[in-house]
Amino acid sequence: IEVAVAHGGMSAFKAMMRWFGVDCGPCRPPLVSLDDDQAARLHADLSEIGFLDAVSSSTEPASATVAH
């Protein structure tokens, strides 16, 4: 949760859900969705703490959708 909050909170959670195949759509104003660079940094930080390994064996950053 701390990593997601550090990367924009709801914007980060929506990006994470999209990676796991649940597209919750874009953020509503005044929030903005993460851009590709922000999503890549979030992905790297989550990977660094082992979160991605714990929840899935294959996730991709940015706008990619992962179907399981």
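In helix H2, the buried residues are Ser 11, Ala 12, Lys 14, Ala 15, Met 16, Arg 18 and Trp 19. Because 7 of the 10 residues of H2 are buried, this helix is largely enclosed by the rest of the structure. The description that follows refers to a predicted model.

**Overall architecture**

The protein chain contains 4 helices and 0 strands, and its elements follow the pattern α-α-α-α along the sequence. Of its 68 residues, 32% are buried. Among contacts in the chain with a separation of 6 or more, 51% join residues 24 or more positions apart. The chain exposes about 4500 Å², and carbon and sulfur atoms supply 56% of that area.

**Helix H2 and the nonpolar core**

The buried residues of H2 pack against H1, H3 and helix H4 (51–55). The largest nonpolar core comprises 11 residues: Val 3, Ala 4, Ala 12, Ala 15, Met 16, Trp 19, Leu 34, Ala 39, Leu 42, Leu 46 and Leu 52. At least two residues of this core come from each of helix H1 (2–6), helix H2 (10–19) and helix H3 (36–48). The greatest contribution is that of H2, with 4 residues. In soluble globular proteins, nonpolar side chains tend to be buried together.

Ala 12 illustrates how the core is joined. Residues up to four places away in sequence aside, Ala 12 touches Ala 4, His 7, Leu 34 and Leu 42.

**Polar and charged residues of H2**

Ser 11 also lies in helix H2. Its relative accessibility is 6%, under the 20% limit, and Ser 11 therefore counts as buried. Beyond its neighbours within four places in sequence, Ser 11 is in contact with Cys 27, Leu 31, Val 32, Ser 33 and Leu 34.

Lys 14, another residue found in helix H2, is buried yet has no salt bridge. The nearest side chain of opposite charge is that of Asp 23, 7.1 Å away. When neighbours within four places in sequence are left aside, the contacts of Lys 14 are with Cys 24, Gly 25, Pro 26 and Cys 27.

Just after H2, Gly 21 adopts a positive phi of about 90°.

**Accessibility of selected residues**

The table sets out three residues with their locations and relative accessibility.

| Residue | Location | Relative accessibility | Class |
|---|---|---|---|
| Ile 1 | segment before H1 | 79% | exposed |
| Ser 11 | helix H2 | 6% | buried |
| Ser 56 | segment after H4 | 11% | buried |

Ser 56 and Trp 19 are 37 residues apart in sequence, and their C-alpha atoms are 9.9 Å apart in space. Trp 19 is itself one of the buried residues of H2 and belongs to the largest nonpolar core.

**Nonpolar surface patch**

Nonpolar residues also occur on the surface of the model. Ile 1, Val 5, Met 10, Phe 13 and Leu 31 form a nonpolar patch there, with about 510 Å² of accessible area together. Ile 1 is placed in the segment before H1. With a relative accessibility of 79%, above the 50% limit, Ile 1 therefore counts as exposed. Leu 31, a further member of this patch, is among the residues in contact with the buried Ser 11.

How values were computed. Residues numbered from 1 in each chain as written. Predicted model: local features only at pLDDT ≥ 70, side-chain atom pairs only at ≥ 80, totals over all residues. Heavy atoms only, no water. Core = buried A, V, L, I, M, F, W, Y, C linked by side-chain atoms within 4.5 Å. Buried < 20%, exposed > 50% of the residue type's maximum accessible area, 1.4 Å probe, protein only. Contact = heavy atoms within 4.5 Å. Patch = residues over 30% accessible without salt bridge, like charges linked within 9 Å, V, L, I, M, F, W, Y side chains within 5 Å. Areas by Shrake-Rupley, 256 points an atom, 1.4 Å probe, with all protein chains shown as cover. Salt bridge = Lys/Arg side-chain N within 4 Å of Asp/Glu carboxyl O. Lys, Arg positive; Asp, Glu negative; His and termini not counted.
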